[in-house]
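The following note sets out points for a colleague who has the sequence and the model to hand. Each point may be checked against the coordinates in turn.

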Amino acid sequence: DKYKKHYNMYDYVTKELPDLVESNFDVAPVRSVCGHSMGGHGALTIALKNPDRYTSVSAFAPICNPTNVPWGKKAFSLYLGEDQEAWKQYDACELIKTYKGRDLNILCDQGTADNFLSGEVNQLQPLALMQAAQDAGVPVTFRMQAGYDHSYYFMSTFIARSLGTEGFLFDLGDDQEAWKQYDACELIKPYKGRDLNILCDQGTADNFLSGEVNQLQPLALMQAAQDAGVPVTFRMQAGYDHSYYFMSTFIGEHIAHHARFLHAST
């Protein structure tokens, strides 16, 4: 209840943010929307409900049919109440069934090794979206990407294609010296600036921390910071993984951390 007055993300995404960008920057009068997972669900539903506003929509591993999966039923009953007819306005499968607008150039990518796609419950339901789109005659390009999971690495692999910028914005080439400008460990080594009050949290059960390759390398950052004499608070949180649940548990502490130093500087 405490978020109802100001946390209106639908209005922010569809009205406030576009108005802000378009009033301050010289941009074209056409819009696209993109999202991942829950954000992919949002991108699809927003575009389907506002076809006059968007030229294209893309989604990575979107939650396609939330009214028919445990995650959606739990969330919708809490946010929208028990009227399941009202839930349909937030379900891409339900919206696409009656869609009569222009071609939204819908593009979706889904990893075949996504943990939310398999297991006891398929929370994403991509086949339900494809079937609904086919029945309604709505064009959708849905690409199943072999071996990819639900992670940001999956997104980073295909985001350039989604944005139409592959080989430009997201490709730094083979000059490994140039890569160092995008590596926290490399940047911290020669750092001589003021204390940035760096705070990091890392779950010990993070799937990107273990396995054949440790993709995150928190010890490398701590070692680099120690060698450079740069203060860093790095907290290993027992049992937490890489998910939004991990973030939601500690985000309040991070906001308080920033608030403390922002108030101190005013």
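1. Ser37 has a relative accessibility of 8% and therefore counts as buried, the cut-off being under 20%. The residue is placed in the loop between strand S1 (32-36) and helix H2. Its phi is near 60°, a positive value in a residue other than glycine. As this is a predicted model, the backbone at Ser37 may be inspected with that origin in mind.

2. A second residue with positive phi is Ala61, where the angle is near 45° and the residue is again not glycine. Ala61 belongs to the loop between S2 and helix H3 (70-80). Its relative accessibility is 0%, so Ala61 counts as buried.

3. For the overall frame, the chain contains 11 helices and six strands. Its C-alpha atoms fill a box of roughly 60 × 50 × 45 Å along the principal axes. Of its 266 residues, 33% count as buried. The exposed surface of the chain is about 16,900 Å², and carbon and sulfur atoms supply 55% of that area. Among contacts with a separation of 6 or more, 69% are between residues 24 or more positions apart.

4. As to charge, the chain carries 21 positive and 32 negative charges. The mean positions of these two sets are 7 Å apart.

5. Which residues touch the most other members of the largest nonpolar core? They are Leu44, Val57, Ile96, Leu104, Ile106 and Leu129, in a core of 23 residues. Two or more core residues come from each of helix H2 (38-49), strand S2 (56-60), helix H5 (92-97), strand S3 (106-111) and helix H6 (126-136). H2 gives the largest share, five residues.

6. Leu129 illustrates how this core is joined. Setting aside residues up to four places away in sequence, Leu129 touches Leu44, Cys64, Ala92, Cys93, Ile96, Cys108 and Phe142. A second core, separate from the largest one, has nine residues, including Ile63, Phe154, Phe158 and Ile159.

7. Asp201 merits attention as an acidic residue in strand S5 (residues 198-203). Is Asp201 buried or exposed? With a relative accessible area of 15%, Asp201 falls under the 20% cut-off and is therefore buried. Its side chain makes a polar contact of 2.7 Å with the side chain of Arg235, and another of 2.5 Å with the side chain of His254. Beyond four places in sequence, the residues in contact with Asp201 are Arg235, Gln237, Phe246, Phe250 and His254.

8. Gln202 is also located in strand S5. The relative accessible area of Gln202 is 8%, and this residue is therefore buried. A polar contact of 3.2 Å links its side chain to that of Asp206. When neighbours within four places in sequence are left aside, Gln202 is in contact with Leu209, Leu216, Pro218, Phe234, Arg235, Met236, Gln237 and Phe246. Phe246, Arg235 and Gln237 thus appear in the contacts of Gln202 and also in those of Asp201.

9. Asp241 sits in the loop between strand S6 (232-237) and helix H11 (244-264). Its relative accessible area of 33% lies between the 20% and 50% cut-offs, so Asp241 is partly exposed. Asp241 and Thr204 are 37 residues apart in sequence, yet their C-alpha atoms are 6.7 Å apart in space. Outside four places in sequence, Asp241 is in contact with Gly203, Ala205, Asp206 and Phe246. The side chain of Asp241 also makes a polar contact of 2.7 Å with the side chain of Ser243.

10. Lys73 lies in helix H3. With a relative accessible area of 41%, Lys73 is partly exposed. The C-alpha atoms of Lys73 and Gln84 are 8.9 Å apart in space, and the two residues are 11 apart in sequence. Apart from neighbours within four places in sequence, Lys73 is in contact with Pro66, Thr67, Asn68 and Trp87.

Definitions and conventions:
Residues are numbered from 1 along each chain as its sequence is written. This is a predicted model: local features need pLDDT of at least 70, side-chain atom pairs count only at pLDDT 80 or more; totals for chains, interfaces and linings use all residues. Side-chain values use heavy atoms; hydrogens and water are left out. A nonpolar core is a set of buried Ala, Val, Leu, Ile, Met, Phe, Trp, Tyr and Cys residues joined through side-chain atoms within 4.5 Å. Buried means under 20% relative accessible area, exposed over 50%, partly exposed in between (1.4 Å probe, protein chains only). Helices (H or I, at least four residues) and strands (E, at least two) are DSSP runs, numbered from the N terminus. Contact means heavy atoms within 4.5 Å. Accessible areas come from the Shrake-Rupley method with a 1.4 Å probe; for residues, only the protein chains shown count as cover. Lys and Arg count as positive and Asp and Glu as negative; His and the chain ends are not counted. The place of a charge is taken as NZ of Lys, CZ of Arg, CG of Asp or CD of Glu. A polar contact is a pair of N or O atoms within 3.5 Å; within protein, one must be able to donate a hydrogen and the other to accept it, and residues adjacent in sequence count only if both atoms are side-chain atoms.
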